[in-house]
Amino acid sequence: MTAEDVLRARMSAGQVHTSGPQYESAATVWNAAVVARPAVVVECRSTADVQASVRACRELGLPLSVRSGGHDWAGRAVADGGILLDLRPLNRVAVDAGRRAAVVGGGARANDVLAAAEARGLTAAVGTIGTVGFAGLALGGGYGPFLGKYGLAADNLLGAEIVLADGEVVLANASRLPDLWWALRGGGGNFGVVTSLGVRLHAAPRITTGPVWYPASDTARVFAAVAEIQTDAPDELTVQTGVLAGADGSLCALVWPTWCGPADPDGFLARLGTPLASQIETVPSYAAEIARRDAMFPDGRSVTIRTRSLPALTAEIGSVLASAAEARTSPLSGLSIHHFHGAASRVPVTDTPFPLREDHLMVEVLGLGDGNDDRAWADATAAALDRYALPGAYANLLGTDVPSAEVFGRNSGRLRDVKHRYDPDGVFRAIPLG
Ligand SMILES: Cc1cc2nc3c(=O)[nH]c(=O)nc-3n(C[C@H](O)[C@H](O)[C@H](O)COP(=O)(O)OP(=O)(O)OC[C@H]3O[C@@H](n4cnc5c(N)ncnc54)[C@H](O)[C@@H]3O)c2cc1C
């Protein structure tokens, strides 16, 4: 029997695809450079479907991949010649407003979580982009505009239902399977298929945010001023930055602050000088704001990503970033920089696998284009930042083509032990553990 036959015998009609629109929709992910083709796509509509699919993969000896939001740029969601578990039907979000908590399906996107939470006057620690899968984001960490206020998305998890490599379904939380629970909050999709997550929600604050654009020639000056503000920014202010193409296509320095509370109480923006353009506004909800961010990162482009974590945006580093961006080989390539501080930095480093708990800036080097020169530019930019970089790498944005032994730092050994206990045969190969 073929894999298709085996799976059709175990699933309901219409759940198993080897071609056609559902197959293409699952196999096509955010990064157009991902060309892998799974042998079979299984639409998982329940935990039982996930269990049956995992068991079938094991029996057939085929590689398995898990697809939620499809935003892993390296294409880990698509196992070439293997079985792709499409979790997108598992996108239900049930909010318990009294407990300020939600149960989030393993295939829900950040936008689904925000919509459900904000309908009840609550919000969630999500990333910058709403179309990213929430589980994918949170299992690997989850940088975003609320790092200072709420920490990583992973820091806001309360529990998980997970299908393990043998098809068994278990619950993991602070009191059940604490070793697995530890590993899930930053160790990525390495331990099983998460069918739902318990997520802590927060009373939705008033949010003031938006992009402010400066000439690229001002990057070093603007970043040095931002660095002063970031050094003692309150938890309520997280300042994302970048060097990216502005509305007219020309390269610009970008400052994108997010205040949870009163708008710019310390006159932050005045200290940065006169911008080319500013779209700062107080928004009714983060869901309203995130659509603007989603529009900046549409599906269907070919992308190479590298990351480096830096201690601060000094003028010297600002100059290096500006020169690197100027040297880009494609007009849409650039740099996007997360600001890690506040609540995220106060979590002890061994409380979760996430390896870097000191204040830092995580630089995403975004090489847009499918030419070798775009990849070479991304590599050269990362190399130029090496002398300033903190150790480690961001698990969620790892390439499959770069050495990753140092990703989890001092948490690597413990993470490997948990992997060995729960997935000794390496069924889940999402993020290498070094
Ligand atoms: C445009 C863009 C913006 C981004 N913005 C941010 C950001 O602001 N902050 C940030 O931290 N990261 C960001 N990322 C990175 C993103 O968080 C990771 O790529 C994440 O893994 C994507 O999850 P996904 O479900 O969309 O991806 P998929 O490609 O569907 O899944 C990627 C992998 O995650 C694992 N996974 C996903 N769901 C599950 C599950 N339910 N159970 C077990 N494993 C699972 C699997 O190993 C899977 O192969 C961004 C990526 C892109 C492309």
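**Close-up views of a predicted model**

Pro284 is exposed, with a relative accessible area of 78%. This comes from a predicted model, as do all the views below.

**View 1. Pro284 sits in a loop leading to helix H9.** The loop in question runs between strand E17 (281-283) and H9. If you want a sense of distance, look from Pro284 across to Phe134: the two are 150 residues apart in sequence, and their C-alpha atoms are 22 Å apart in space.

**View 2. Phe146 and Tyr286 make an edge-to-face ring pair.** The model has eight aromatic pairs. In the one shown here, the ring centres of Phe146 and Tyr286 are 4.9 Å apart and the planes meet at 75°, so the pair counts as edge-to-face. Phe146 comes from the loop between helix H5 (134-140) and helix H6 (147-150), while Tyr286 belongs to helix H9 (residues 286-296), so the pair ties together parts that are 140 residues apart in sequence. Are these two rings buried or exposed? Phe146 is buried, at 1% relative accessible area, and Tyr286 is buried too, with a relative accessibility of 0%.

**View 3. Four aromatic residues form a cluster.** Tyr143, Phe340, Phe354 and Tyr394 are linked to one another through ring pairs. Keep an eye on Tyr143 and Tyr394, since both turn up again among the residues that come nearest to the ligand.

**View 4. Arg414 lies over the face of Trp182.** Here a charged side chain meets an aromatic ring: Arg414 is 3.9 Å from the ring centre of Trp182.

**View 5. The ligand has polar contacts with backbone atoms of Gly133, Tyr143 and Val194.** Which protein atoms sit across from the ligand's nitrogen and oxygen atoms? At Gly133, a polar backbone atom is 2.8 Å from an oxygen atom of the ligand. At Tyr143, a backbone N or O atom lies 2.7 Å from a ligand nitrogen. At Val194, a polar backbone atom is 2.9 Å from a nitrogen atom of the ligand. On its own the ligand would expose 950 Å², and the protein buries 96% of that.

**View 6. A shell of 33 residues surrounds the ligand.** Ser68, Gly70, Thr128, Tyr143 and Tyr394 come nearest. Strand E3 (64-67), H5 and strand E10 (193-200) are the elements that give two or more residues to this shell. Which element gives the most? That is H5, with four residues. Sorted by class, the shell has 16 nonpolar residues, 14 polar ones and three charged ones.

**View 7. Leu177 and Asp264 have positive phi values.** Most residues other than glycine have a negative phi. Leu177 goes the other way, with phi near 50°. You'll find Leu177 in the loop between strand E9 (169-172) and helix H7 (178-184), and its relative accessible area of 29% makes Leu177 partly exposed. Asp264 isn't a glycine either, yet its phi is positive at about 40°. Asp264 is in the loop between strand E15 (251-260) and strand E16 (277-278).

**View 8. Gln15 is a buried residue with polar contacts to Ser12 and Asp49.** Gln15 sits in the loop between helix H1 (3-10) and strand E1 (16-17). At 2% relative accessibility, Gln15 is well under the 20% cut-off, so it counts as buried. What does its side chain reach? One partner is the backbone nitrogen of Ser12, at 2.8 Å from the Gln15 side chain. Another is the side chain of Asp49, joined to that of Gln15 by a polar contact of 2.7 Å.

**View 9. Thr238 and Ala108 are both buried.** Thr238 is part of strand E14 (residues 237-245) and has a relative accessibility of 1%. From Thr238 to Ala322 is 84 residues along the sequence and 21 Å in space, C-alpha to C-alpha. Ala108 belongs to the loop between strand E6 (101-105) and helix H4 (110-118), and its relative accessible area is 0%. Ala108 and Arg8 are 100 residues apart along the chain, with 25 Å between their C-alpha atoms.

Technical notes
Residues numbered from 1 in each chain as written. Predicted model: local features only at pLDDT ≥ 70, side-chain atom pairs only at ≥ 80, totals over all residues. Heavy atoms only, no water. Phe/Tyr/Trp six-rings, centres within 6.5 Å; stacked < 30°, edge-to-face > 60°. Buried < 20%, exposed > 50% of the residue type's maximum accessible area, 1.4 Å probe, protein only. Lys NZ or Arg CZ within 6 Å of the ring centre and 35° of its normal. Near = heavy atom within 4 Å. Polar contact = N/O pair within 3.5 Å; in protein donor to acceptor, adjacent residues only side chain to side chain. Areas by Shrake-Rupley, 256 points an atom, 1.4 Å probe, with all protein chains shown as cover. Nonpolar A, V, L, I, M, F, W, Y, C, P; charged D, E, K, R; others polar.
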